[in-house]
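New to this one? Take a look at the sequence and the model first, and then we'll talk through some of the labels.

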Amino acid sequence: MPELPEVETIARFLRQGIADQPGILGRKVAGAQVLWARTVAEPDVSSFQERLPGQTIQHIDRRGKFLLLRLSQETLLIHLRMSGDLIVEPLNQALAPHHRVTLEFEDGWRLAFNDARKFGRMWLVADPQSVLGNLGPEPFDRSLEGVGFYNRVSSFRRQLKPLLMDQHFLAGLGNIYTDEALHLARLHPLTISSSLTLQQSNLLLDCIRQVLQDGIDRHGTSIDWVYRGGDYQRYLRVYQRTGEPCLVCGAPVERLVVGQRGTHYCPSCQVLSALTS
DNA sequence: CACGAGACCTGTTCGC
DNA sequence: TGCGAACAGGTCTCGT
């Protein structure tokens, strides 16, 4: 579930609360449990557990697919990877099977990091930049407008699908929203980035922003057992619609594998010309 | 530089 | 019904 719209949705719910889960701003950490050591990427587990107590959650931000919990002294960065989720629940509730780390607050609540596949990671650091490194720009960054995105896209000779998913190129897109944006822009996933015209690249940027904003407005995409309450899955154009009719032209959606990722597109709307492959 | 394969993990669905 | 293969929202590292 976690691409930019889902992480943004979680950031908002952690700030404001949702349904029976209160927000966590202003809460003070009393202790931390680590149930799967590798979830804590930095520092070592004992330092992690020693440094968290006493720190208060002051701000919650998102950068790409990273969540940033700004604490009194440090920042806790969380990456949900494939199956991570964050749940606010009462301390007296039994620990669910896939909880990997929990932060216990003074007032009877805890924040639980639930992650079936164990790919998720968190970092407790003084300087978030040490983790975020050379992450690419946010898709809504104004510097991409005009020729900004065009200059970036055309500086690489790479297939669009893997390029857009490369977090060093642009921060936030994953498999779902990349397929959706390419379909909306009528660009074949294998199009070589340096072949795009200024008009095409600006259309692509607009489409990326549109699918991300729609995803945020719909509170993300909920598929299978990872559920966040979003319903953007009802509006997907091609993702996981192999064989079903394209919503634009009716041709059956096709699936191919690009960079080891399932890739969905309409062979009629998204034509790969010899010049751009 | 760009791409593909393999790792890291568990759970669900598909095909025979 | 049963069982292995394929597949899943991500990212890193290595070899070519």
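Here are some questions about contacts and a cavity in this predicted model.

Q: What makes Lys118 a polar contact partner of DNA strand B?
A: An N or O atom in the side chain of lysine 118 sits 2.7 Å from a phosphate oxygen of the strand. A polar contact needs a pair of N or O atoms within 3.5 Å, so this pair counts.

Q: How do you know that arginine 157 has a polar contact with DNA strand B?
A: Look at the backbone here: an N or O atom of arginine 157 is 2.8 Å from a phosphate oxygen. That is within 3.5 Å, so the pair passes.

Q: Why does alanine 116 get a polar contact with DNA strand B?
A: A polar backbone atom of alanine 116 lies 3.4 Å from a sugar or linking oxygen of the strand. The cut-off is 3.5 Å, so this one counts too.

Q: Which residues come nearest to DNA strand B?
A: Out of 14 residues around the strand, they are Arg38, His98, Arg117, Lys118 and Gln260. On the DNA side, sugar and phosphate make up 66% of the strand's atoms that come within 4 Å of the protein.

Q: What makes up the lining of the largest cavity, by class?
A: Nine residues are nonpolar, one is polar and none is charged. Thr102 is part of the lining, and it counts as polar because Thr is on neither the nonpolar nor the charged list. Strands E5 (75-79), E7 (99-105) and E8 (109-115) each give two or more residues to this lining. The volume is about 50 Å³.

Key:
Residues are numbered from 1 along each chain as its sequence is written. Chains are lettered from A and ligands numbered from 1 in the order in which they are written. This is a predicted model: local features need pLDDT of at least 70, side-chain atom pairs count only at pLDDT 80 or more; totals for chains, interfaces and linings use all residues. Side-chain values use heavy atoms; hydrogens and water are left out. A residue is near a molecule or strand if one of its heavy atoms lies within 4 Å of it. A polar contact is a pair of N or O atoms within 3.5 Å; within protein, one must be able to donate a hydrogen and the other to accept it, and residues adjacent in sequence count only if both atoms are side-chain atoms. On a 1 Å grid over the protein atoms alone, a cavity is a set of points where a 1.4 Å probe fits but cannot get out, and a pocket is an open set with protein on both sides within 12 Å along at least five of seven lines; lining residues have an atom within 4 Å of a point. Grid points are joined across faces, edges and corners, and a volume is the space filled by probe spheres set on the points. Helices (H or I, at least four residues) and strands (E, at least two) are DSSP runs, numbered from the N terminus.
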